[in-house]
Amino acid sequence: MTGVDLRQLEYFAAVARHRHFTRAADHWLREGAYGKAAAHYKKVLKLRPNDETALLQLVQASIRQGSLVEAKGYLKIARDAREARGDRPGADQLTLQLAD
C-alpha cells in the first residue's frame, strides 16, 4: 500500500468517525440524554475543532444539563471563532446570548 492510499484511508476513517459521533450526539440530545450528547459532541470537536454546529449543540446540551458556566465557555469559543473569520454580525448574536 502506498503512502497516498494510507492517507486516503485515514481521511475516510476520520470522516466516518465524525459522522458516527455527530449522529450519536444528535440522537442523545433528542432523547434527553444530555450528558451522553455532550460527551459525543466533545468527540466531534476533537476530530474537527472548527465544527460550529457541534459546538453550538454542545452549548445546548450543557444548558439542559444545568452546566451554565460550561455552556457560556463554549459560547465564547463560538463567538471568538466567528470574530476571527470576520463574521461580526454572527459574533454579535452570540454576544447577546452570553448576556442572557
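These notebook entries record what I looked up in a predicted model.

**Entry 1: L6**

I began with L6 and located it in helix α1, which covers residues 3–31. I then checked its exposure. The relative accessible area of L6 is 43%, so I recorded this residue as partly exposed, a class that lies between the 20% and 50% cut-offs. I also looked up the separation of L6 from L75. The two residues are 69 residues apart in sequence, and their C-alpha atoms are 36 Å apart in space.

**Entry 2: helices α2 and α3**

I turned next to helix α2 (residues 34–47) and helix α3 (residues 52–65). Their axes come within 9 Å and cross at roughly 155°. Angles over 145 degrees count as roughly antiparallel, and I therefore entered α2 and α3 as roughly antiparallel to each other. For handedness, I noted that α2 passes α3 in a left-handed crossing.

I then listed the residues that meet. On the α2 side they are Y34, G35, A37, A38, Y41, K42, V44 and L45, and on the α3 side A54, L55, Q57, L58, A61, R64 and Q65. Sorted by class, the contact of α2 with α3 has 10 nonpolar, three polar and two charged residues.

**Entry 3: S62**

I remained in helix α3 for S62. Is S62 buried or exposed? The relative accessible area of S62 is 1%, so I recorded it as buried, the cut-off being under 20%. Finally, I looked up which residues S62 touches, leaving aside its neighbours within four places in sequence. S62 is in contact with S67, E70, A71 and Y74.

Terms used
Residues are numbered from 1 along each chain as its sequence is written. This is a predicted model: local features need pLDDT of at least 70, side-chain atom pairs count only at pLDDT 80 or more; totals for chains, interfaces and linings use all residues. Side-chain values use heavy atoms; hydrogens and water are left out. Helices (H or I, at least four residues) and strands (E, at least two) are DSSP runs, numbered from the N terminus. Buried means under 20% relative accessible area, exposed over 50%, partly exposed in between (1.4 Å probe, protein chains only). Axes are lines fitted to C-alpha atoms, for helices over the stretch in contact, and angles run from 0 to 180 degrees between N-to-C directions. Angles under 35 degrees count as roughly parallel, over 145 as roughly antiparallel, 65 to 115 as roughly perpendicular and the rest as oblique. A crossing is left-handed if the near helix is turned anticlockwise from the far one by less than a right angle, and right-handed if clockwise. Contact means heavy atoms within 4.5 Å. Ala, Val, Leu, Ile, Met, Phe, Trp, Tyr, Cys and Pro count as nonpolar, Asp, Glu, Lys and Arg as charged, and the others, Gly among them, as polar.
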